[in-house]
Amino acid sequence: MSKIVVYAIGGNALAPPDGSSDGEHALVLAKVMSDVVDLLEAGWSVVLTHGNGPQVGELMSLDSDVSHSMDAWVAATQGMIGHTLSLQLNSILKHRHRPERTAVVLTRVLVDENDPAFALPTKPVGPVLSAQEVMERDWDIATTVHGPRRVVASPLPKTILDLDVIRTLVEQRAVVICGGGGGIPVVEQERHYNGIPAVIDKDRLSSLLAVDLNAEALIISTGIQSVYTNFGQEDQVEHRHLSLNEAKKHLEDGQFPAGSMGPKINSMLEAITAQPSMRSILCQPGDALSAMRGDAGTTLSQDD
């Protein structure tokens, strides 16, 4: 069986936040597709995960029916985005005369209903709310830089309920598109699964998936080419390699903020802590194969 790589795509790489289409995002998506084909041709089995923030926000702003729960919105965007990725990738694979085809899996992820995140929802979802909506909606609402928005919990993923299905598809050499938006959040109550209003971090889910699949590599594809310290300052430093201890120290020093690079670094650390032999890589779309060789991006490892 081929080596497995879990490749995580950010939601903003798939569509602009306003739901429009432009050449820049089409180019980013083309680079993602190129990465997937390059990895397949290098002998890897590829599992794709993806974000969905802009897409969920757009759907929520277009639909006045507030009865839809967050788990339903995540499921809807998993299908929409998975369909788009599948069509494009299958077309490329057919054109390149490759044997692989894609499979899209609606992925449910079990979370703990007692996770501390539920006591303090912080994840903004959906559009900016009007004053009337703030008064009428029975939601947790927070003031953001853009205005008042609904916020939900972001609990840690515990168990990927569809893991065996994903694993079987990988064994059949499918390019599996799964775990969209961090997975559909569910809790188990009296032996029944129920959806719950929450958003699971996509990178944390990707890390868990890589570990559970015994993947040889995790790639987090993002908008910057590498991990930096003192980012944006005159003395910023680009890191092609970081050890586990170095990354932890930079986290403690506040180099990787919770709202941006922090969750990505934490996810990469979790992967190599659970599976020390795994390659844990951050790079920009189009650089996946170079990053695998250590010529681009940033690789985290156990070694100092």
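**Ring and charge.** I started with W139 and found R137 lying over its face, 5.7 Å from the ring centre. I keep in mind that this is a predicted model.

**Aromatic pairs.** Next I looked for aromatic pairs and got 1 for the structure. Y228 and F231 make up that pair, with 5.5 Å from centre to centre. Their planes are 55° apart, so I logged the pair as tilted, since edge-to-face takes over 60 degrees. Then I checked how covered the partners are. Y228 has a relative accessible area of 13%, so I wrote it down as buried. F231 comes out at 53%, so that partner is exposed.

**β2.** I moved on to the strand at 44-50, β2. How many residues of β2 are buried? I counted 7 of the 7, so the strand is largely enclosed by the rest of the structure. I also sorted the side chains by direction: W44, V46, L48 and H50 point one way, while S45, V47 and T49 point the other.

For its neighbours, I found β1 running parallel to β2, joined by 7 bridges. β2 also pairs with β9, again in the parallel sense, over 2 bridges. V47 turned up in both searches: V6 has V47 as its bridge partner in β2, and V47 stands opposite V176 in β9.

**The cores.** I then pulled up the largest nonpolar core, which has 42 residues. Which residues touch the most other members? My list reads V6, V47, I166, V176, L209 and I265. Elements giving at least two residues each to this core include β1, α6, α7 and β12, and also α8 and α9. Apart from it I noted another core, of 26 residues, with W44, L48, V175 and A291 among them.

I picked L209 for a closer look. Ignoring neighbours within four places in sequence, L209 contacts V6, V47, T49, I160, L163, I166 and C178.

**α6.** Two of those contacts, L163 and I166, are also on my list of buried residues in α6, together with V170. Why do they line one face of the helix? Looking down the axis of α6, I see the buried residues fall within an arc of 65°, so they share one face. The textbook reason helps here: an α-helix has 3.6 residues a turn, so residues three or four places apart point the same way.

What covers these buried residues? I noted β1, β2, β8, β9 and α7 as part of the cover. Last entry: R173 follows α6, and its phi is positive, near 70°.

Conventions
Residues numbered from 1 in each chain as written. Predicted model: local features only at pLDDT ≥ 70, side-chain atom pairs only at ≥ 80, totals over all residues. Heavy atoms only, no water. Core = buried A, V, L, I, M, F, W, Y, C linked by side-chain atoms within 4.5 Å. Buried < 20%, exposed > 50% of the residue type's maximum accessible area, 1.4 Å probe, protein only. Helix = DSSP H or I, 4+ residues; strand = E, 2+ residues; numbered from the N terminus. Contact = heavy atoms within 4.5 Å. Arc of directions from axis to C-beta. Pairing = 2+ DSSP bridges. Phe/Tyr/Trp six-rings, centres within 6.5 Å; stacked < 30°, edge-to-face > 60°. Lys NZ or Arg CZ within 6 Å of the ring centre and 35° of its normal.
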